[in-house]
Amino acid sequence: MSQISEKRYFSHRLRDTNSAFLPARQSDAEPIRVGFVLQPHFSMMAFTAAVDALVTANLVQATPLFGFTIFGLDATTVRSDLGIDISANSTLDELVLEGEGALDVLIVCGGFRCNLSEHPPLSRALKAAAKRQKVLGGLWNGAVALAHAGVLDGLGCALHPDNHAFVQEGFPQVQVSPHAMVVEARILTSSGPNSALEMMLALIERLHGRETVRAISEILSSDRIVDDGDTPLSLTENDPSMPDALRTLLRLMNSNIEEPLGIEELADYVGLSRRRIERLFQSHLETTPSRYYLELRITHARRLLLQSSASISSIAVACGFVSSTHFSHCFKDFFGVSPSQARQKRS
């Protein structure tokens with residue numbers, strides 16, 4: 001029985017990839033409610049990066065983790081820095097901080113051309129939120145609104161470099177950081193679109209753990225570019241922290257899904273002993289080579305099953321399973337439903 005039970009769990013690398021398709025964990029927790037206050041000429045890129053993190057968090061878990069509401073200062077249509085009008089759900093005077101529907105997090109979205117003067121209703125809302133121990137955030141120069149409300153006194157903040165001098169002169173009690181993101185106990189600030197995403201990931205990790213963030217990052221950061229502009233997709237087999245021999249083994253496995261190679265064949269390709277290969281997998285992937293290979297094939301099968309109209313029997317063959325029955329049993333062991341049930345649920 002212990003062997004059957006073990007088959008229900010992916011090792012940590014492929015668990016993140018498949019997390020949205022695994023059986024839902026029982027939880028009575030309500031989704032965290034996040035409010036975004038859009039200032040006129042807010043940064044569309046910073047805002048959508050932040051929202052994308054929350055939406056993706058909901059996609060990588062079987063039950064929603066977050067809900068979000070968009071607020072305009074005094075209108076339900078707000079013009080972004082791109083000249084595109086965004087419809088808000090509510091205006092600031094409808095913001096709820098207590099009782100049913102109360103927000104847990106309130107984030108002010110700024111932008112390069114946002115007015116830096118104090119908006120008294122926004123200051124009152126931020127003060128009330130701070131008094132009730134809500135988490136507060138600022139995107140681009142959203143930290144300026146937090147400074148006007150006095151909730152940054154004695155704390156560090158990140159904001160766009162163009163606004164550093166303004167805050168340093170106008171709010172000497174606020175510590176302007178040279179970093180793109182600052183995470184305090186209940187206040188998070190960031191200076192632009194990329195750091196907006198990182199800021200939200202920091203919040204999500206605090207609330208839901210590192211595993212959820214790894215799953216989000218796998219989706220949103222797969223094409224992250226470094227200085228040479230010629231970066232391979234951030235798949236496990238391209239992870240520079242892995243030994244070259246292990247990366248070669250992973251590429252071989254990925255390239256031989258339909259007709260899986262035996263461990264001895266893999267050993268011959270890389271010139272290592274079977275025992276050495278087993279140690280590599282255990283040290284870096286916390287699993288065995290055969291186990292990882294099976295997880296890789298079942299993940300490939302899940303993608304084909306949910307993204308194509310190919311028959312279950314042809315998918316079984318394409319992923320190296322000896323029969324559709326064997327494939328169905330393995331699929332159910334991992335995902336808790338049969339291939340046909342998974343396809344029906346997805347559609």
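## Exercises on a predicted model

Helix H7 is followed by Gly209, whose phi is positive, near 95°. Keep that residue in view, since the helix before Gly209 comes up again below. One caution before we start: this is a predicted model.

### Exercise 1: Confidence

Work out where the model can be read with trust and where to hold back.

Step 1. Start with the whole protein: its mean pLDDT is 88, and 90% of its residues reach 70 or more.

Step 2. Now go element by element. Strand S6 (residues 105–109) has the highest mean pLDDT, 98, and helix H1 (residues 2–6) has the lowest, 37.

Step 3. Look at the stretch around H1. The pLDDT is below 50 over residues 1–7, and beyond near neighbours in sequence this stretch has 5 contacts in the model. Residues 225–234 are also below 50, with 9 contacts beyond near neighbours in sequence.

Step 4. Draw the conclusion: where pLDDT is low, the predicted coordinates should not be read in detail.

### Exercise 2: The overall layout

Describe the protein in a few numbers.

Step 1. Count the elements: there are 15 helices and 11 strands.

Step 2. Ask how much is hidden. Of the 347 residues in the protein, 46% are buried.

Step 3. Check the contacts with a separation of 6 or more: 64% of them join residues 24 or more positions apart.

### Exercise 3: The length of H7

Test whether the span of helix H7 agrees with its number of residues.

Step 1. H7 covers residues 193–208, which is 16 residues.

Step 2. At 1.5 Å a residue, the helix should span 22 Å.

Step 3. The end C-alpha atoms are 22 Å apart, so the model agrees with the expected span.

Step 4. To finish the picture, list residues of H7 that are buried: Ser195, Ala196, Leu197, Met199, Met200, Leu201, Leu203 and Ile204.

### Exercise 4: Two helix crossings

Classify how H3 packs on H8, and how H12 packs on H15.

Step 1. Take helix H3 (residues 44–59) and helix H8 (residues 210–220). Their axes are 9 Å apart and the angle is about 115°. That makes H3 roughly perpendicular to H8.

Step 2. Add the hand and the residues. H3 passes H8 in a right-handed crossing. Asp52, Ala53, Thr56 and Ala57 of H3 meet Ile216, Ile219 and Leu220 of H8.

Step 3. Turn to helix H12 (residues 289–307) and helix H15 (residues 339–346), whose axes come within 9 Å and cross at roughly 50°. H12 and H15 are therefore oblique to each other.

Step 4. This crossing of H12 and H15 is right-handed. Here Leu304, Leu305 and Leu306 from H12 meet Pro339, Ala342, Arg343 and Arg346 from H15.

### Exercise 5: Three buried residues

Decide whether Val34, Leu261 and Arg302 are buried or exposed, and find their partners.

Step 1. Val34 lies in strand S1 (residues 32–38). Its relative accessible area is 0%, and the cut-off for buried is under 20%, so Val34 is buried. Leaving aside neighbours within four places in sequence, Val34 is in contact with Leu54, Phe66, Gly67, Phe68, Thr69, Leu103, Val105 and Ile107. Val51 is 17 residues from Val34 in sequence, and their C-alpha atoms are 9.5 Å apart.

Step 2. Leu261 sits in the loop between helix H9 (244–255) and helix H10 (263–270). With a relative accessible area of 12%, Leu261 is buried. Outside its neighbours within four places in sequence, the contacts of Leu261 are Leu252, Asn256, Leu266, Tyr269 and Tyr293. Tyr293 is 32 residues away from Leu261 in sequence, yet 9.2 Å away from C-alpha to C-alpha.

Step 3. Arg302 lies in helix H12, and at 5% relative accessibility it counts as buried. Neighbours within four places aside, Arg302 touches Thr17, Asn18, Phe21, Phe331 and Phe335.

### Exercise 6: Positive phi outside glycine

Examine the backbone at His41 and Trp140, and compare how accessible these residues are.

Step 1. Recall the background: most residues other than glycine have a negative phi.

Step 2. His41 is not a glycine, but its phi is positive, about 70°. His41 is found in the loop between S1 and H3, and at 26% relative accessibility His41 counts as partly exposed.

Step 3. Trp140 also has a positive phi, near 65°. Trp140 lies in the loop between strand S7 (135–139) and helix H5 (143–148), and at 12% relative accessibility Trp140 counts as buried.

Methods:
Residues are numbered from 1 along each chain as its sequence is written. This is a predicted model: local features need pLDDT of at least 70, side-chain atom pairs count only at pLDDT 80 or more; totals for chains, interfaces and linings use all residues. Side-chain values use heavy atoms; hydrogens and water are left out. Helices (H or I, at least four residues) and strands (E, at least two) are DSSP runs, numbered from the N terminus. The expected span of a helix is 1.5 Å times one less than its number of residues. Buried means under 20% relative accessible area, exposed over 50%, partly exposed in between (1.4 Å probe, protein chains only). pLDDT is the predictor's confidence in each residue, from 0 to 100. Contact means heavy atoms within 4.5 Å. Axes are lines fitted to C-alpha atoms, for helices over the stretch in contact, and angles run from 0 to 180 degrees between N-to-C directions. Angles under 35 degrees count as roughly parallel, over 145 as roughly antiparallel, 65 to 115 as roughly perpendicular and the rest as oblique. A crossing is left-handed if the near helix is turned anticlockwise from the far one by less than a right angle, and right-handed if clockwise.
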